[in-house]
Amino acid sequence: GLIKDEPGADWNRVRAFAEIGLDQLELGRLDQATGSLERARALFEKLQTRMHPAQAEVLVALGRVNLARHDSAKALALLEEADAFWRDFDAGNRWAGETALWLGRCYAALGRDADAERALGRAHSILSRSPIPGDSKLARLARER
């Protein structure tokens, strides 16, 4: 590939696969996104023993792919793992809010209304305080159900 085999090359690869997968997800290219995100996930698992924020982002993206495919059951474990990471690492972080948004939507799709309300409430609370302009849209999405 384009990344030379040298110290740190796998870290460069994992970042590249993650970014490409996120872009593919945003473009609605679910099959391509799955491939890129799964490669990033496998590299993360090879490289480290503890969860990393970028790894949690990959889990959320994979969860979103599964939600888009109407496979909420498959999305649930990914989103719960990412949510547990953020709640322990930095519960008020905007990424924690975005994770809670997708987890809440997943719970709603599974008919777990009480869990959905809690997660979506947490998402709205965090995202409505974010200085990132696009997060106001996500905060509204958390209120819609």
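**Group meeting: R64, two pockets and a core**

Okay, let's start with one residue: R64 has a relative accessibility of 17%, and the cut-off for buried is under 20%, so R64 counts as buried. Before I go on, keep in mind that this is a predicted model.

So where does R64 sit? It lies in helix 3. If we leave out residues up to four places away in sequence, R64 touches L25, E26, E98 and W102.

Now, the pockets. The largest one has a volume of about 260 Å³. It is lined by 15 residues, and the closest to its centre are L22, E26, R64, W95 and E98. So our arginine, R64, is in that central group. Which helices build the lining? Helix 1, which runs 9–26, helix 3, 53–68, and helix 5, 94–109, each put in at least two residues. As for chemistry, the lining of this largest pocket has eight nonpolar residues, six charged and one polar.

Then there's the second largest pocket, with about 210 Å³ of space. R64 turns up in that lining too, along with L25, L30, L67, A68, H70, S72, W102, R105 and A109. Helix 3 and helix 5 each supply at least two of the lining residues here. By class, this second lining splits into six nonpolar, two polar and two charged.

Let's move on to the core. How many residues are in the largest nonpolar core? There are 43, and the ones with the most contacts inside it are L37, V58, L79, L101 and W102. Helices 1 through 7 each supply at least two residues of this core, and helix 3 gives the most, with eight. You'll remember W102 as a contact of R64, and it also lines the second largest pocket.

V58 is another one to look at on screen. Again skipping residues up to four places away in sequence, V58 touches A18, L37, A40, R41 and F44. L37, like V58, is on that list of residues with the most contacts in the core.

Last stop, helix 7, residues 135–144. Which residues are buried there? D135, L138, A139, L141 and A142. Looking down the axis of helix 7, those buried residues fall within an arc of 155 degrees, so they line one face of the helix. They pack against helix 5 and helix 6. Turn to the other side of helix 7 and you find K137, R140, R143 and E144, which are exposed.

That's it from me; over to you for discussion.

Terms used. Residues numbered from 1 in each chain as written. Predicted model: local features only at pLDDT ≥ 70, side-chain atom pairs only at ≥ 80, totals over all residues. Heavy atoms only, no water. 1 Å grid on protein atoms, 1.4 Å probe; cavity = no way out; pocket = protein on both sides within 12 Å on 5 of 7 lines; lining within 4 Å. Points joined across faces, edges and corners; volume = space filled by probe spheres on them. Helix = DSSP H or I, 4+ residues; strand = E, 2+ residues; numbered from the N terminus. Nonpolar A, V, L, I, M, F, W, Y, C, P; charged D, E, K, R; others polar. Buried < 20%, exposed > 50% of the residue type's maximum accessible area, 1.4 Å probe, protein only. Contact = heavy atoms within 4.5 Å. Core = buried A, V, L, I, M, F, W, Y, C linked by side-chain atoms within 4.5 Å. Arc of directions from axis to C-beta.
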